Amino acid sequence: MIRDSYLFTSESVSEGHPDKVSDRISDAIVDKFLAVDPASRVAVETLTTTNRVVLAGEVRGPESITKEVMEQTARNVVKKIGYEQDGFHWKKMNVEVHVQGQSGDIAMGVDASGNKDEGAGDQGIMFGYATDETENLMPATLDFSHKILKSMAEERHGSAIKELGPDSKSQVTLQYINGKPVRATSVVVSTQHSAETNQERVREIVLPHIENILPDGWMPAADELYINPTGQFIIGGPDGDTGLTGRKIIVDTYGGAAQHGGGAFSGKDPTKVDRSAAYATRYLAKNIIAAGLAHRCSIQLAYAIGVSKPLSLYVDFHQTGNVDPAKLEKLLSEVMDLSPRGIREHLGLNRPIYERTAAYGHFGRDPEEDGGFSWEKLDLVDVLKSEF
């Protein structure tokens with residue numbers, strides 16, 4: 001039985017959250033390599049803590065991207081986010097770089113040679129999802145959570161209001177009736193602030209961002225607005241909590257409204273299907289919903305390391321579809337080459353477009369002129385409509 005009426009919650013974290021600082025540094029290094037050599041192979045993890053950043057991983061790419069370049073990249077990211085605090089400062093922090101060459105065993109399985117096409121960089125399962133409950137075909141709970149924090153960050157960067165720090169979190173709970181969101185029942189926002197800023201002032205700054213993002217009439221009761229519910233949030237970012245690359249995968253994807261595969265995205269070049277195939281499945285699912293073939297759609301792809309073709313392709317409409325999913329699965333394999341190379345070429349992924357994905361979600365964003373968020377394009381809609 002489908003449950004039509006319920007409460008559902010998703011969370012987001014800001015660019016200054018310690019895990020997101022780590023994600024962004026890792027993705028900025030991916031961009032550094034791809035900008036010089038689009039065929040670079042990169043897998044770089046980042047740890048952040050009190051005035052310390054540690055990079056570790058494996059790469060194969062231009063020698064011009066030295067350890068010194070990677071260190072400076074990390075400092076630039078932290079500076080852009082806005083960390084100039086005693087416990088985490090872009091200039092004062094210690095940066096360790098433990099990055100080495102890619103394993104020859106992995107390269108042998110992944111590289112194309114002779115009649116062998118390029119294989120997947122690892123085994124794995126990847127999921128994509130789309131729903132028609134918002135204009136950008138994302139779950140509304142996550143969409144609102146992202147947008148509240150993004151709005152706060154834009155004000156922090158672009159206005160005279162400097163009382164809030166870079167680290168913040170949000171959480172939105174919506175009531176669903178007949179499977180559609182109708183109002184917010186609670187909103188939580190916790191944000192770092194200066195020692196001179198009291199909680200009344202924090203609430204005064206944050207409240208307009210919630211009101212501007214939620215649709216008219218959707219605001220919860222005043223006692224269900226939880227703004228800095230602990231009462232104080234002065235020490236934040238990596239000084240308050242250690243950050244690691246790839247630890248916010250549900251924030252990165254669908255806020256718990258859909259399945260997630262086994263891997264994170266940040267710090268990985270697009271030969272890694274953890275990243276590229278997750279983008280491809282979102283692309284296909286979004287076009288399916290935009291074509292009116294279902295109200296909700298999940299897609300799974302599976303790969304084996306060194307093998308170019310996907311092992312399986314599965315479409316699930318969650319009992320909301322109006323076409324045969326088996327027929328659609330066959331069609332999707334025809335309209336898009338789902339090999340790792342085919343995905344990268346179709347979506348143009350071998351470009352320095354990843355640092356911008358590291359906060360406020362990899363999905364639900366607008367496609368950009370330089371190829372950023374290409375997986376959000378709706379250029380398969382006409383083909384899908386014509387077939388059904």
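This section describes the sheets, helices and selected residues of one predicted model.

The structure is a predicted model, in which local features require pLDDT of at least 70 and side-chain atom pairs count only at pLDDT 80 or more, whereas totals for chains, interfaces and linings use all residues. Residues are numbered from 1 along each chain as its sequence is written, and side-chain values use heavy atoms, with hydrogens and water left out. Helices (H or I, at least four residues) and strands (E, at least two) are DSSP runs, numbered from the N terminus.

An open sheet of four strands is arranged in the order S1-S8-S9-S10, and its pairing is mixed. Strands are taken to pair if DSSP finds at least two bridges between them. Strand S1 (6-13) and strand S10 (225-227) occupy the edges with a single partner strand each, so one side of each has no neighbour in the sheet. From one strand to the next, the twist averages 15°. Eight bridges connect S1 with strand S8 (residues 164-177) in the antiparallel sense, and within this pair tyrosine 6 is opposite tyrosine 176 of S8. Helix H4 (residues 140-158) lies across S1, S8 and S9 and runs at about 155° to S8. Axes are lines fitted to C-alpha atoms, for helices over the stretch in contact, and angles run from 0 to 180 degrees between N-to-C directions.

Strand S9 (residues 180-193) contains glutamine 192. This residue has a relative accessible area of 1% and is therefore buried; the classes are buried (under 20% relative accessible area), exposed (over 50%) and partly exposed (in between), with a 1.4 Å probe and protein chains only. Contact denotes heavy atoms within 4.5 Å. When neighbours within four places in sequence are set aside, the contacts of glutamine 192 include Tyr83, Gln85, Glu163, Asp167, Phe233 and Gly237. A second glutamine, glutamine 72, belongs to helix H2 (residues 67-81). Its relative accessibility is 39%, and glutamine 72 therefore counts as partly exposed. Glutamine 72 is separated from alanine 285 by 213 residues in sequence and, C-alpha to C-alpha, by 38 Å in space.

A further open sheet consists of three strands in the order S7-S12-S13, with antiparallel pairing. Its edge strands are strand S7 (124-131) and strand S13 (312-316), each of which pairs on one side only. The twist in this sheet averages 15° from one strand to the next. S12 and S13 run antiparallel and are joined by five bridges, with alanine 302 opposite serine 312 of S13. Helix H8 (residues 325-335) packs on the sheet and touches S12 and S13, and its direction makes about 135° with that of S13. H7 lies across S7 and S12, running at about 30° to S7.

H7 also packs with H9, at an angle of about 60° and with the axes 10 Å apart. H7 is therefore oblique to H9; angles under 35 degrees count as roughly parallel, over 145 as roughly antiparallel, 65 to 115 as roughly perpendicular and the rest as oblique. The H7 and H9 crossing is left-handed, meaning that the near helix is turned anticlockwise from the far one by less than a right angle, whereas a clockwise turn is right-handed. On the H7 side, the residues that meet H9 are Val273, Ser276, Ala277, Tyr279, Ala280 and Tyr283; on the H9 side they are Pro340, Ile343, His346 and Leu347. Within helix H9 (residues 340-347), the residues Pro340, Gly342, Ile343, Arg344 and Leu347 are buried. The buried residues of H9 pack against helix H7 (273-290) and strand S12 (296-303). Glycine 348 follows H9 and has a positive phi near 60°.

Strand S2 (residues 41-49) and strand S3 (residues 52-60) run antiparallel and are joined by nine bridges. Leucine 47 has valine 54 of S3 as its bridge partner. Two residues lie between the strands of this hairpin, in which asparagine 51 adopts a positive phi near 45°. S2 is also joined by two bridges to strand S11 (residues 243-244), and these strands run antiparallel. The bridge partner of threonine 48 in S11 is glycine 243.

Helix H1 (residues 18-36) has 19 residues, which at 1.5 Å a residue should span 27 Å; the end C-alpha atoms are 28 Å apart, in agreement with that value. The expected span is 1.5 Å times one less than the number of residues. H1 is mostly covered, with 16 of its 19 residues buried.
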